Amino acid sequence: MVNNFLQIIFDLSSQLKIPAVIIGGLALPAYNVARTTLDIDISINVNSQKKLDKFIEVLKEKNIITKQHPKIDHTIFTVFGLNFEAEIWLKPCDAFDWDKEMVERIQLFFDNVYVLSAEDFILTKLARMDRSSIDISDIIQVLISTKNSMNWKYFRYRLEWIGLESEFKDILKGFELDSNVETREISREILNRFNNLKVD
Amino acid sequence: MDNEKKERAPIVINQTDLDRAYKKVKEYKELLRRGKTSEQIFKDMIRLIQVGK
């Protein structure tokens, strides 16, 4: 298992039947991308205050505590363990909430560690209100490494759902202008896949 | 009063950004080729996050 802190969080969320996923930079290796990151971000899909209170209670029994009083309509709270701390999100991202399809598309990374689908992960990066150049860099890398396995139809649907097609097209402009002879074919392939064109 | 609509930073990508992204993806593939797994890379990242013992 990964480490005691994460193991406890994922074990307890599993016992309480609360879907939980690693989000943010730490989830990147699930999509064959890596960078140094300073945070543990976990998103949980909990639908009642009672269940959230229970989750906090069982975490406390395992010495993982929060100094806040999280409410079901909050976005985020912090938990502290012995050598780790984590941000627990009650949404996948500050710009949108969980929905059934997103939960169904959660994928197993390893052991009992889960992540969002690559499509939804990219969406969390694109939609966040304080989006930075690091988020854009992460998106580009995930697109490159998952282009063959991504469900592009679902991704297009999500972009429309969140109203960010135009902003994603700004990312695609980068691929359109790729003049590097070693990579421009891959860039073209990404563009073709997004535009639902035949890929050789 | 906070009536201002929040806007995300505009996205502008140049060739350097793209080249850097391709390079990083290539480096990751190289780690996998050498036998590292994504699970191990994840665990390495976790170790970097660990706060004072």
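Two residues are taken to be in contact if their C-beta atoms, placed from the backbone, lie within 7 Å. With that in hand, a tour of this predicted model can start at helix H2 of chain A. What covers the buried residues of this helix includes helix H1 (4-15) and strand E3 (76-80) of chain A. H2(A) itself runs over residues 49-61, 13 residues in total. From its first C-alpha to its last it reaches 18 Å, close to the 18 Å expected at 1.5 Å a residue.

The buried residues in H2(A) are worth finding in the structure: they include Leu52(A), Phe55(A) and Leu59(A). These three cover an arc of only 55 degrees around the axis, and therefore sit on the same side of H2(A). Turned away from that buried side is a face with the exposed residues Gln49(A), Lys50(A), Glu57(A), Lys60(A) and Glu61(A).

After H2(A) comes Asn63(A), with a positive phi near 65 degrees. Asn63(A) belongs to the loop between H2 and E3 of chain A. Because 12 C-beta neighbours lie inside 10 Å of it, Asn63(A) counts as exposed. A positive phi also appears at Lys17(A), a residue other than glycine, where the value is near 55 degrees. Lys17(A) is found in the loop between H1 and strand E1 (20-23) of chain A. This residue has 8 C-beta neighbours inside 10 Å and so counts as exposed. As background for both cases, most residues other than glycine have a negative phi.

Helix H5 of chain A, residues 133-146, comes next. Its 14 residues reach 20 Å from first C-alpha to last, close to the 20 Å expected at 1.5 Å a residue. H5(A) is mostly covered, with 10 of its 14 residues buried. Among them are Ile136(A), Ile139(A), Ile140(A), Val142(A), Leu143(A) and Ile144(A). Asp135(A), Asp138(A), Gln141(A) and Ser145(A) are buried in H5(A) as well. The cover over the buried residues of H5(A) includes helix H4 (118-127), H7 and H8 of chain A, together with H1 of chain B.

Two of those covering helices also pack against one another. Two packed helices are described by the angle between their axes and the distance between the axes. For H7 (residues 165-176) and H8 (residues 184-194) of chain A, the angle is about 145 degrees and the axes are 8 Å apart. The crossing of H7(A) and H8(A) is left-handed. On the H7(A) side, the residues that meet H8(A) are Leu172(A), Phe175(A) and Glu176(A). Their partners in H8(A) are Ser187(A), Ile190(A), Leu191(A) and Phe194(A). By class, the residues of this contact divide into five nonpolar, one polar and one charged.

The remaining part of the picture is chain B, which has two helices and zero strands. Of the 53 residues in chain B, 15% are buried. The contact between the chains takes 26 residues from chain B and 34 residues from chain A. Helix H1 (15-33) and helix H2 (38-49) of chain B each supply at least two residues of the side that touches chain A. That side of chain B has 15 nonpolar, three polar and eight charged residues. H1 of chain B thus appears in two places in this account: in the side of chain B that touches chain A, and in the cover over the buried residues of H5(A).

How values were computed: Residues numbered from 1 in each chain as written. Chains lettered and ligands numbered in written order. Predicted model: local features only at pLDDT ≥ 70, side-chain atom pairs only at ≥ 80, totals over all residues. Helix = DSSP H or I, 4+ residues; strand = E, 2+ residues; numbered from the N terminus. Nonpolar A, V, L, I, M, F, W, Y, C, P; charged D, E, K, R; others polar. Expected span 1.5 Å × (residues − 1). Buried ≥ 20, exposed ≤ 12 C-beta atoms within 10 Å, placed from the backbone. Arc of directions from axis to C-beta. Axes fitted to C-alpha atoms, helices over the stretch in contact; angles between N-to-C directions. Left-handed = near helix turned anticlockwise from the far one by under 90°.
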